[in-house]
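Please look at the predicted model below. The text that follows goes through some of its strands, helices and chain contacts.

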Amino acid sequence: MTERSPDIDTPKIDAVAAPAKPVPPAEEIPLLRIQGVSKTFGSFPAVDRLSLDIRAGEFFALLGPSGCGKTTLLRMLAGFETPDEGRILLGGRDIAPVLPHERPVNMMFQNYALFPHLSVRDNIAFGLKRAGMARAAIDTRLAEMVALVKLEGMEKRKPDQLSGGQRQRVALARSLARRPKVLLLDEPLAALDKKLRESTQQELMELQRRLGMTFIVVTHDQEEAMTMANRIGVMNAGRLEQVATPRDLYEAPASRWVAEFVGDVNLFDGEVTSHEHHRLTIATRDGGAIVVAVPRQLVAKSPVSVAVRPEKVRLSRPGPVSDAANAQPINRLEGVVTDVGYLGGSSVYKVKLDSGAVVRSSMANTARLDIDTLGAGQRVVAWFTPDDCVVLEQ
Amino acid sequence: MARKVNRLSPFNVTALALGVAFLYLPIMILVIYSFNASRLVTVWGGWSLRWYQEFFNDRAMLDAAWMSLRVAAVSATIATLLGTLAAVGLVRGERFRGRSLFSGMLYAPLVMPEVISGLSLLLLFVALNAERGFWTVTIAHTTLTMCFVTVVVQSRLASLDRSLEEAAMDLGCDPVQAFLSVTLPLIIPAIAAGWMLAFTLSLDDVVIASFTTGPGSATLPIRIYSEVRLGVKPEINAICTMVIALIAVVIVIASLASKLSSAKAESAAPL
């Protein structure tokens, strides 16, 4: 019998691991205030009277389709573009007249913009030398940065001797070396392949948490924004459509545009017909009467859309269902499966309703051998609860 | 991308040989006859370095050669400075009004008949009552060669990623420091190539130099031209051979420099 170490008998209580995404308290004074900022190129309004507060230590993502003005906004924060209107306050100070090289803000460029004539070492040390740091201090910081992005042994290489992932790390180290108050990242992962992108996302999040720095990342990839950011600002045509946590953005989109842009959605257009017991009944063209939970903010205008995410729509074979089994009424739409897309972990079903409209449903493939799968041509009931619905103005 | 290596077909070989012969046969003959021992240009009298010796004892010829080298070096240097500034202004500057007119005017000397440039410069110098000599030729050559430098540097600058300078500014450089520490090292090969191009153009020129030069300051091409009018001496062959050698060396260096420059440009491109 082996002797047991006393450690095992008295398990140590480790410090509770920090939550994956610590959200700073809302009442803090925001580090960065963007107030009514506009920028027009020729006659094209790239950014249109946009206001946004970003708190210290936040990982903020600006998400939007290309041409929505997100990069222009980022470049205004870096100082490469001057706002036509509005103010940008960093720590309470208006930084509009501050030139890029004097801002406590650094940027990681989309194509990395590494200096091809300088080694990895000199690229990373570039900003430190400009800041007039002592040689010894530069060496210390450099070693720290190289270790941070795991580029040990690469210091003497030139950028063209590095892989795409390594270049990305050099660019990151270079922009972090000066310890900026805010780090701006312009599509930081766009040039990486999928596997590398996923691991780099994790590394960026870890890095941001460890350094406690404020990150503002511009991306067109919603999964990337959802994974990394504490809060996401969705931009469309130079304006912010919604600023929310990833969860709220997905589960409570503020507009029809956001609901369609972020993730997949089924939309039913209709009119409110009755309002009783925390339930709204909406008469829709495609789905008949749909009962939904009363939204937090009452819908003012009557033509509305009911948005239901595909994974909230479940499919069953038609048969008698007792509503009494559920505490709430269930929306039931009958139709025929027309198409099944098998994605591995889940399958996406297209159901053609009797009204002619198509509803998408996404269901997890929980069983490996499923003898009861739904195939094309199968008549089904697509159902969802009132709480699964979001009511949006049209 | 891998370049496909094709075997040369007999047709290709013949075409190439004829082309090269057409271009270089006259020069070959000149080079060979520069080592001719005979006094008569057209009669072969065996190998000799006699005419090279003759040149190094010809005071007037040596002065002309020295004059040419000085003019070429000084005018190429001024042209490179001005041409680079013009290129930077055109590529990096704001889109100012009349920008395309300005760039068009900058390129005009490329296609302007040299006689016209020479004559107009002569009229200018006469109007200014400038004493014609070293400086007038140098200024004239600068106006001729500057646009070539601009073209070379401009194309290199245009291929440079703008965000490199922005990155430098982001990391604490003011615009001038950003240019000096990032842009300049990357366009130096193009600037060097431009200088060498300007140097050889100046060394070659007869027309503009003959309009703008004064007594006692003939450049080598002018000197050769006036000598040849009195009859071709074998010494001229020797001089020409040396000029060809000098220009060949400069051209090879210039093309190596621009090759280096474009290789760097490729590595600077993202991925």
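In chain A, A283(A) of strand β12 stands opposite A289(A) in β13(A). The two strands, β12(A) and β13 (residues 288-293), pair in the antiparallel sense, and 6 bridges connect them. The link from β12(A) to β13(A) is a hairpin through 3 residues.

β12(A) also pairs with strand β11 (residues 266-276) of chain A, again in the antiparallel sense and over 6 bridges. Here S274(A) is the residue that stands opposite T281(A) in β12(A). The hairpin of β11(A) and β12(A) has 2 residues between the strands, and in this hairpin H277(A) takes a positive phi near 50°.

How do the residues of β12(A), which runs from 279 to 284, divide between a covered and an uncovered face? L280(A), I282(A) and T284(A) form the covered face of the strand, while R279(A), T281(A) and A283(A) form the uncovered one. The general background is that side chains in a regular strand alternate between the two faces of the sheet. T281(A), which stands opposite S274(A), thus belongs to the uncovered face of β12(A), and A283(A), which stands opposite A289(A), belongs to the uncovered face as well.

The next topic is a helix pair in chain A. Helix α3 (residues 120-130) packs with helix α5 (residues 164-176), the axes being 7 Å apart and the angle about 25°. Angles under 35 degrees count as roughly parallel, and α3(A) and α5(A) are therefore roughly parallel to each other. Their crossing is right-handed.

Which residues make this contact? On the side of α3(A) they are V120(A), N123(A), I124(A), F126(A) and G127(A); α5(A) brings V170(A), A173(A) and R174(A). Sorted by class, the contact of α3(A) with α5(A) comprises 5 nonpolar residues, 2 polar ones and 1 charged one.

Helix α3(A) appears again where the two chains meet. Chain A has 21 residues in contact with 19 residues of chain B. On the side of chain A that touches chain B, the elements that give two or more residues are β6 (105-108) and α3 of chain A. Of the elements, α3(A) gives the most to that side, with 3 residues. By class, the side of chain A that touches chain B holds 12 nonpolar, 6 polar and 3 charged residues. Helix α3(A) therefore has two roles in this account: α3(A) packs with α5(A), roughly parallel to it, and α3(A) gives residues to the side of chain A that touches chain B.

Key
Residues numbered from 1 in each chain as written. Chains lettered and ligands numbered in written order. Predicted model: local features only at pLDDT ≥ 70, side-chain atom pairs only at ≥ 80, totals over all residues. Axes fitted to C-alpha atoms, helices over the stretch in contact; angles between N-to-C directions. Helix = DSSP H or I, 4+ residues; strand = E, 2+ residues; numbered from the N terminus. Parallel < 35°, antiparallel > 145°, perpendicular 65-115°, else oblique. Left-handed = near helix turned anticlockwise from the far one by under 90°. Contact = placed C-beta atoms within 7 Å. Nonpolar A, V, L, I, M, F, W, Y, C, P; charged D, E, K, R; others polar. Buried ≥ 20, exposed ≤ 12 C-beta atoms within 10 Å, placed from the backbone. Pairing = 2+ DSSP bridges.
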